[in-house]
Amino acid sequence: MIGAGVAGLAAAHRLLGRGARVTVLEAADRVGGKLLPGEIAGVRVDLGAESMLARRPEAVTLAREVGLAERLQPPATATASIWTRGALRPMPKGHVMGVPGTAAALSGVLSAEGLARIERDADLPRTEVGDDVAVGEFVAARLGREVVDRLVEPLLGGVYAGDAYRISMRSAVPQLFQAARTHASLTEAVREIQAKAAANQQTGPVFMGIEGGVGTLPLAIADSVRARGGEIRTGTPVTGLRVEASGGWRITTGERVLHADAVIVAVPAPAAARLLRAESPEAAAELAAVEYASMALVTLAYRRSALDLPEGSGFLVPPVDGRTIKASTFASHKWGWIAEEDPDVVVLRTSVGRHGETEILQRDDAALVEVSRHDLREATGLDAVPLETRVTRWTDGLPQYPVGHHARVARVREQVAKLPGLAVCGAQYDGVGIPACIVSAYAAVDQLDGDLSRVRELTANPVQSLHGGAGE
């Protein structure tokens, strides 16, 4: 196993359950990838992703399997806002990733002209989606740019840190893509999605967190892997991956050489491309072309007596409004365990950076804290001096899913399948959320066992990654 992010660890855990001998090699000095627990002002927090989709079973089930059942917690509040047109406004309901079923659903967020433009959707001729289409392009053509700029963009940006006018609808919002293929009206397609969801009567929280942070999930998986006989070597970058003449794989790590019957490559696309270049140049070329967005999280701790925040879990920020931050999470409101650790401390997070934005992330930590405080003051009136701040930079942290992403993934897997004993998984394939990474890992394990059904299903139908309220 190459890579000890949540995908690589999940694959290792599944392989051990099937009786395999497993060694996990990780270049970094820790496991977990983009999941990172930390601390600020004596309170445990997440310094990476903070929640996981609970409406898919993979992440919650794995958390239970590795001993975290008693620490699973839904958000204390799911009420979020959007900071747009000069005010914090309630996050609309009745939409699919910002695409409404009716104009009324976006009342208060859009202008009168924007709402009237949505009403025209029913009278427009059919818009073909073809094999794929950009979310922003398609929605703007049907409902107007204001819907995209004020709601779709900040929601998608919170997931991918990307540009809605470039992001693939087929890969990023697959249920909307499928519905749009069979309906002339986009709002009608959304209403059908909502009707099906209501008929399924899904109960329970949409998202789930973990006491102590979801960054503790990979630590618990790693502990379980070791307890079941697996080996995890951190600080061990893999520099070479070759097929051996006698079968199996030769893995080079610095001056050491390991031999394996099979390998799962669970590292980001650029690293995967380097490893696969010798044995699968076609797959490597496809992976090398995957673009990534960088971002930074600014975590701030305040004395509770020094601030009076609005209710809710935080707010999103449309780029069209020209603000620097793209979201803020009121972490102490959102997660009960943070508030309980120290009732006198309130923790907030802001995020900055989108695909193509380089200037903001070139600023030093102090400057990122200052722009975050400025925007928080403009949005909420918060003018207190924080007790402590932390800036966590995720350089090339989020893979981008442009139009045609599904076809690229299919080409990568077609080439990888030609090499016995090789599989790939991770956020660059089937979805960027935690459940998506885990189901990608399970598909890779199945592939090593000769079962390609889950790989084919994922390639055709990626896992939709939703925005976890307000924040990242």
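The following exercises, each with a worked solution, concern the predicted model shown above.

Residues are numbered from 1 along each chain as its sequence is written, and side-chain values use heavy atoms, with hydrogens and water left out. Because the model is predicted, local features need pLDDT of at least 70 and side-chain atom pairs count only at pLDDT 80 or more, while totals for chains, interfaces and linings use all residues.

**Exercise 1. Domains**

Task: State which domains are assigned to the protein, and describe the contact between domain 2 and domain 3.

Solution.
Step 1. The domain bounds come from an automatic or database domain assignment. This assignment gives domain 1 (6-37 + 50-73 + 210-291 + 402-460), domain 2 (92-200) and domain 3 (292-399).
Step 2. Taken over C-alpha atoms, the centres of domain 2 and domain 3 are 28 Å apart. Domain 2 brings 11 residues to the contact and domain 3 brings 13 residues, where contact means heavy atoms within 4.5 Å.
Step 3. Buried area is the accessible area (1.4 Å probe) that two parts lose on being put together, summed over both. Between domain 2 and domain 3 this area is about 920 Å², and carbon and sulfur atoms give 63% of it.
Step 4. Of the area that domain 2 buries against domain 3, Arg150, Pro154 and Ala161 supply 48%, more than any other three residues.

**Exercise 2. Cysteine residues**

Task: Determine how many disulfides the model has, and explain why Cys425 forms no such bond with Cys437.

Solution.
Step 1. A disulfide is a covalent bond between the sulfur atoms of two cysteines. The rule applied here asks for a pair of cysteine sulfur atoms within 2.5 Å.
Step 2. For Cys425, the closest cysteine sulfur belongs to Cys437 and is 8.2 Å away, which is too far for a bond. The count is therefore 0 disulfides under the rule.
Step 3. Accessibility is considered next. A residue is buried under 20% relative accessible area, exposed over 50%, and partly exposed in between (1.4 Å probe, protein chains only). Cys425 is buried at 0% relative accessibility, and Cys437 is buried at 8%.

**Exercise 3. Strand pairing**

Task: Describe how strand 16 (residues 292-303) is paired and whether its residues are mostly buried or exposed.

Solution.
Step 1. Helices (H or I, at least four residues) and strands (E, at least two) are DSSP runs, numbered from the N terminus. Two strands pair if DSSP finds at least two bridges between them.
Step 2. Strand 16 runs antiparallel to strand 20 (residues 388-399), and 9 bridges join them. In this pairing, Thr299 is opposite Arg390.
Step 3. Strand 16 is also antiparallel to strand 19, through 8 bridges. Here Arg303 has Val345 as its bridge partner.
Step 4. Of the 12 residues of strand 16, 11 are buried, so the strand is largely enclosed by the rest of the structure.

**Exercise 4. An open sheet and a hairpin**

Task: Give the strand order of the open sheet of 3 strands, and describe the hairpin of strand 2 and strand 3.

Solution.
Step 1. The open sheet has the order 4-10-5, with antiparallel pairing. Strand 4 (52-53) and strand 5 (72-73) stand at the edges; each has a single partner strand, so one side of each lacks a neighbour in the sheet.
Step 2. Strand 4 pairs with strand 10 (residues 207-210) over 2 bridges, and Met52 is opposite Met208.
Step 3. In the hairpin, strand 2 (residues 37-40) and strand 3 (residues 43-46) run antiparallel and are joined by 4 bridges. The bridge partner of Ile40 is Val43.
Step 4. There are 2 residues between the hairpin strands, and Ala41 in the turn has a positive phi of about 50°.

**Exercise 5. Two charged side chains**

Task: For Lys326 and Arg363, state whether each is buried or partly exposed, and find a polar contact of each.

Solution.
Step 1. Lys326, in strand 18 (residues 325-329), is buried, with a relative accessible area of 5%. Among the residues that Lys326 touches are Ala161, Met295 and Gly353.
Step 2. A polar contact is a pair of N or O atoms within 3.5 Å; within protein, one must be able to donate a hydrogen and the other to accept it, and residues adjacent in sequence count only if both atoms are side-chain atoms. A polar atom of the Lys326 side chain lies 3.2 Å from the backbone oxygen of Gly353.
Step 3. Arg363, in the loop between strand 19 (345-352) and helix 14 (365-380), is partly exposed at 27% relative accessibility. Its side chain makes a polar contact of 3.0 Å with that of Glu359.

How values were computed: Lists of a residue's contacts leave out its neighbours within four places in sequence.
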